[in-house]
Amino acid sequence: MGREIEEEQVGYTVEQLVSLNRYNPDILPDLENHVNDQVSSQTYSLDANLCLLRLYQFEPDKMSSQIVARILVKALMAMPAPDFSLCLFLIPERVQMEEQFKTLIVLSHYLETGRFRQFWDEAAKNRHIVEAVPGFEQAIQSNAIHVLSLTYQKVPRAVLAEAINIEGLSLDKFLEHQVATSGWAIEKSSQGKGQLIVLPRNEFNDPISKKNTADSVPLEHITRIFPILS
């Protein structure tokens with residue numbers, strides 16, 4: 001029946017299908033296929049995934065643990081966005097107690113608290129869960145770099161290596177790429193031991209940038225205030 005809906009609405013995207021049939025269980029197969037498409041194409045659709053989880057609540061006998069796990073892994077990859085919590089809220093507690101979901105919840109906690117070493121150690125023990133979704137490692141590395149850049153202008157090489165789980169020659173190549181494309185720089189530490197990775201300045205890691213951002217209110221924000229004041 002789900003396939004018939006898709007055939008009847010030729011040219012409709014999954015997002016349009018969701019908006020038109022949000023509470024129709026007949027679209028379950030289409031949404032499950034869409035999750036697999038997200039995995040294979042390395043794309044992401046939170047709204048469609050949330051819709052699928054809601055439909056599973058009404059059709060618990062049709063729930064696929066594999067699909068739910070893939071949704072949660074994709075949500076982990078979207079951090080620091082709160083997608084994982086939004087998805088978890090729609091998953092029954094009895095399902096959350098399954099071993100693979102308990103593992104994903106632990107991983108989310110490590111990410112939320114910036115405990116990257118524990119995260120990578122736990123992920124390594126459960127490769128069969130996380131490596132089923134291509135791009136997982138790269139997405140988490142991007143999140144780790146984002147977290148570090150909120151606090152630090154300069155990060156010791158060892159701290160960065162632990163956060164992104166890359167060492168040795170692989171880290172050298174990674175740093176070369178970041179220096180060439182992302183405005184990073186490398187300098188020796190003041191003690192002459194090891195390297196410091198200099199990250200681009202932003203309003204969070206640089207008080208001066210933060211002050212300048214606060215002092216300059218964009219024009220479009222001012223124009224929005226005028227109707228309120230009049």
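1. Let's start with the strands. Strand 2 (residues 185-188) and strand 3 run antiparallel and are joined by four bridges. Two facing pairs help you find your way along them: lysine 188 stands opposite glutamine 195 in strand 3, and glutamate 187 stands opposite leucine 196 in strand 3. Please keep in mind as you read that this is a predicted model.

2. Now look for the other partner of strand 3. Strand 1 (residues 154-156) pairs with strand 3 in the antiparallel sense, over three bridges. Here lysine 154 stands opposite valine 198 in strand 3. Put the pairs together and you have an open sheet of three strands in the order 1-3-2, with antiparallel pairing. Strand 1 and strand 2 stand at the edges with a single partner strand each, so each has one side without a neighbour in the sheet. On average, and with direction ignored, neighbouring strands of this sheet are turned by 30 degrees against each other. As you follow a strand with your eye, a general rule is handy: in a regular strand the side chains alternate between the two faces of the sheet.

3. What lies across strand 1 and strand 3? The answer is helix 12, which runs at about 80 degrees to strand 1. Helix 12 covers residues 157-164, and the loop between helix 12 and helix 13 (168-181) holds asparagine 165, a residue we return to below.

4. Time to step back to the whole chain. The protein chain has 15 helices and three strands. Of its 230 residues, 38% are buried. Its accessible surface comes to about 13300 Å², and 55% of that surface belongs to carbon and sulfur atoms. If you take the contacts between residues at least 6 apart in sequence, 54% of them join residues at least 24 apart.

5. A helix pair deserves a visit next. Helix 5 (residues 65-77) packs against helix 11 (residues 136-151) at an angle of about 35 degrees, and their axes are 8 Å apart. On the helix 5 side you will find Val73, Leu76 and Met77, which meet Phe136, Ala139 and Ile140 in helix 11. What kinds of residue make up the contact of helix 5 with helix 11? The division is six nonpolar, no polar and no charged.

6. Zoom in on one member of that group, phenylalanine 136, which lies in helix 11. Phenylalanine 136 has a relative accessible area of 5% and is buried, because the cut-off for buried is under 20%. Leaving aside neighbours within four places in sequence, phenylalanine 136 is in contact with Val73, Leu76, Met77, Phe119 and Val130. Phenylalanine 136 and valine 73 are 63 residues apart in sequence, while their C-alpha atoms are 7.7 Å apart in space.

7. Is asparagine 205 buried or exposed? Asparagine 205 is buried, with a relative accessible area of 6%. You can find asparagine 205 in the loop between strand 3 (195-198) and helix 14 (207-215). A polar atom of the side chain of asparagine 205 lies 3.1 Å from the backbone oxygen of serine 149. The backbone oxygen of tyrosine 152 also lies 3.1 Å from a polar atom of the asparagine 205 side chain. Beyond neighbours within four places in sequence, the contacts of asparagine 205 are Ser149, Leu150, Thr151, Tyr152, Gln153 and Pro200.

8. Finally, some backbone details to check. As background, most residues other than glycine have a negative phi, and most peptide bonds are trans. With that in mind, look at glutamine 42, where phi is positive, near 55 degrees. Glutamine 42 sits in the loop between helix 3 (28-41) and helix 4 (46-58), and with a relative accessible area of 51% glutamine 42 is exposed. Asparagine 165 also has a positive phi, of about 60 degrees, although it is not a glycine. Asparagine 165 counts as partly exposed, at 32% relative accessibility.

9. One more backbone point concerns a proline. Which peptide bond is cis, with omega near 20 degrees? That bond runs from methionine 79 to proline 80. Proline 80 has its place in the loop between helix 5 and helix 6 (83-89), so you can reach this spot by leaving helix 5, whose last residue is numbered 77.

Methods. Residues are numbered from 1 along each chain as its sequence is written. This is a predicted model: local features need pLDDT of at least 70, side-chain atom pairs count only at pLDDT 80 or more; totals for chains, interfaces and linings use all residues. Side-chain values use heavy atoms; hydrogens and water are left out. Buried means under 20% relative accessible area, exposed over 50%, partly exposed in between (1.4 Å probe, protein chains only). A polar contact is a pair of N or O atoms within 3.5 Å; within protein, one must be able to donate a hydrogen and the other to accept it, and residues adjacent in sequence count only if both atoms are side-chain atoms. Contact means heavy atoms within 4.5 Å. Axes are lines fitted to C-alpha atoms, for helices over the stretch in contact, and angles run from 0 to 180 degrees between N-to-C directions. Ala, Val, Leu, Ile, Met, Phe, Trp, Tyr, Cys and Pro count as nonpolar, Asp, Glu, Lys and Arg as charged, and the others, Gly among them, as polar. Accessible areas come from the Shrake-Rupley method with a 1.4 Å probe; for residues, only the protein chains shown count as cover. Two strands pair if DSSP finds at least two bridges between them.
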